[in-house]
Amino acid sequence: MNYEEYYPSNYSQQVPIINFSDENLKPGTSNWDSACQVIKGALEDHGCFYALCYKVPMELYNKVFGLMEELFDLPLETKMQKTSDKPYHGYYGSYSTVPLYESLGISDDPLNMESVQDFTKLMWPQEGYDHFSETLNEYAKLVVELDHVTKRMVCDGYGLEQRHYHDLIESTSYMLRSFKYALPKKDESNVGLMAHKDTSFFTILHQNNVTGLQVRLKNGEWFDIDPSPFMFLILAGESFQVWSNDRIKACEHRVIINNKKKQRFSMGLFSVGTTIQPHEELVDDEEHPRHYKAFDFYDYLKFIGTKEALESNCRIKTFCGIHD
Ligand SMILES: O=C(O)CCC(=O)C(=O)O
Ligand SMILES: [Fe+2]
């Protein structure tokens with residue numbers, strides 16, 4: 001297994017697929033080491049790769065997306081009750097620029113059953129919705145495992161000691177969000193979500209088998225992401241770009257609603273930190289001088305809504321970049 005095998009010559013710019021359910025993918029093996037290099041290469045080239053993973057069984061997958069349909073079918077007033085003082089944690093929808101898009105933050109601590117229950121009670125104050133909390137909590141645990149393995153592989157890929165991986169995981173928290181895109185009416189634009197980069201370390205996206213998600217490859221082309229049940233798109237956000245001192249590229253992505261019949265739903269697990277800065281081992285005086293100052297993640301979230309950020313062609317550099 002080597003980097004080239006994941007990029008067959010006739011698809012030289014494609015996004016590699018790592019089979020996380022391969023029994024031979026164990027730390028310390030040559031398979032593991034080469035997979036770490038493939039992941040590192042893909043994150044540096046395109047900011048993303050596919051995880052093929054059978055951890056979330058088909059039954060759970062169907063349950064999760066069935067529940068998402070029920071959730072977004074709730075009245076707008078109910079969904080709007082999900083508010084938060086933190087940006088990007090509440091309900092978002094009815095934007096004039098992207099009218100097809102709707103999104104609901106389910107929990108900023110989805111491994112904690114009580115946090116998921118609070119959301120469930122807000123949406124369904126009547127009894128009888130325990131299955132929602134149980135299903136989403138079970139789902140989040142499995143996707144978080146995928147996040148952990150991937151972060152370990154990134155650390156191994158850069159030759160960092162185990163303690164750095166543990167530090168990274170300990171400073172990480174998770175946000176589970178859900179997305180729904182309405183079908184465009186005749187003559188309406190099919191842009192579901194405009195091209196953007198996420199602020200997270202990783203965003204793990206999982207879709208209801210309906211196409212629409214695209215990532216921008218290194219060569220500038222837009223690439224359609226496979227929405228199959230066992231395919232997870234793992235994409236790097238700006239936090240990883242900073243952490244890696246510009247080795248990893250935050251992935252640019254967008255949603256174009258090109259399926260005219262079936263509505264697209266998607267789940268996103270966002271992993272975020274508190275203080276973000278280049279990792280000490282990835283900074284040196286010669287080849288890799290420090291590119292960013294340390295910053296508070298929530299200050300950055302506040303910044304990205306400002307005019308200065310919107311007008312910048314690289315908002316993360318405007319916010320905390322060190323210019324030589
Ligand atoms: O709909 C999706 O799968 C992607 C959503 C997304 O990119 C985001 O909310 O940052
Ligand atoms: Fe995104």
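# A first look at this model

Let's start with one residue: Asp 246 is partly exposed, because 18 other C-beta atoms lie within 10 Å. For that label, C-beta atoms are placed from the backbone, and a residue counts as buried with 20 or more others within 10 Å of its own, exposed with 12 or fewer, and partly exposed in between. This is a predicted model, where local features need pLDDT of at least 70, side-chain atom pairs count only at pLDDT 80 or more, and totals for chains, interfaces and linings use all residues. Residues are numbered from 1 along each chain as its sequence is written, while chains are lettered from A and ligands numbered from 1 in the order in which they are written.

**How confident is the prediction?**

- The protein has a mean pLDDT (the predictor's confidence in each residue, from 0 to 100) of 93, and 96% of its residues reach 70 or more.
- Residues 7-12 are a weak spot, with pLDDT below 50 and 3 contacts beyond near neighbours in sequence; a contact means C-beta atoms, placed from the backbone, within 7 Å of each other.
- Where pLDDT is low, the predicted coordinates shouldn't be read in detail.
- As for overall scores, the model gets ipTM 0.99 and pTM 0.95.

**Around ligand 1**

- Ligand 1 is surrounded by Phe 179, Leu 193, Asp 198, Leu 205, Leu 213, His 253, Val 255, Ser 266 and Gly 268, where being near means a C-beta atom, placed from the backbone, within 6 Å.
- Strands E11 (253-256) and E12 (264-272) each give two or more residues to this shell; helices (H or I, at least four residues) and strands (E, at least two) are DSSP runs numbered from the N terminus.
- Sorted by class, the shell has 5 nonpolar, 3 polar and 1 charged residues. Here Ala, Val, Leu, Ile, Met, Phe, Trp, Tyr, Cys and Pro count as nonpolar, Asp, Glu, Lys and Arg as charged, and the others, Gly among them, as polar.

**Core and helices**

- The largest nonpolar core (buried Ala, Val, Leu, Ile, Met, Phe, Trp, Tyr and Cys residues joined through C-beta atoms within 7 Å) has 70 residues, and Ile 39 and Cys 48 have the most contacts inside it.
- Helix H5 (residues 130-157) supplies the largest share of this core, 9 residues.
- From first C-alpha to last, H5 reaches 41 Å with its 28 residues, close to the expected 40 Å; that expectation is 1.5 Å times one less than the number of residues.
- Beyond its neighbours within four places in sequence, Cys 48 touches residues including Val 15, Ala 42, Leu 233 and Cys 251.
- Helix H1 (residues 30-45) has Ala 35, Cys 36, Val 38, Ile 39, Lys 40, Ala 42 and Leu 43 as its buried residues, and their cover includes strand E1 (17-19), strand E2 (48-52), H5 and strand E10 (231-236).

**Loops worth a click**

- Asp 246, our opening residue, sits in the loop between helix H7 (238-243) and E11, and its phi is positive, near 80 degrees.
- Tyr 88, in the loop between helix H3 (76-79) and strand E3 (91-93), also has a positive phi, near 65 degrees.
- Most residues other than glycine have a negative phi.
- Ser 200 belongs to the loop between strand E6 (191-196) and strand E7 (202-207). Ser 200 is buried because 25 other C-beta atoms lie within 10 Å.
- Leaving aside neighbours within four places in sequence, Ser 200 is in contact with Gly 237, Ser 239, Phe 270, Ser 271 and Val 272.

Methods
Contact = placed C-beta atoms within 7 Å.
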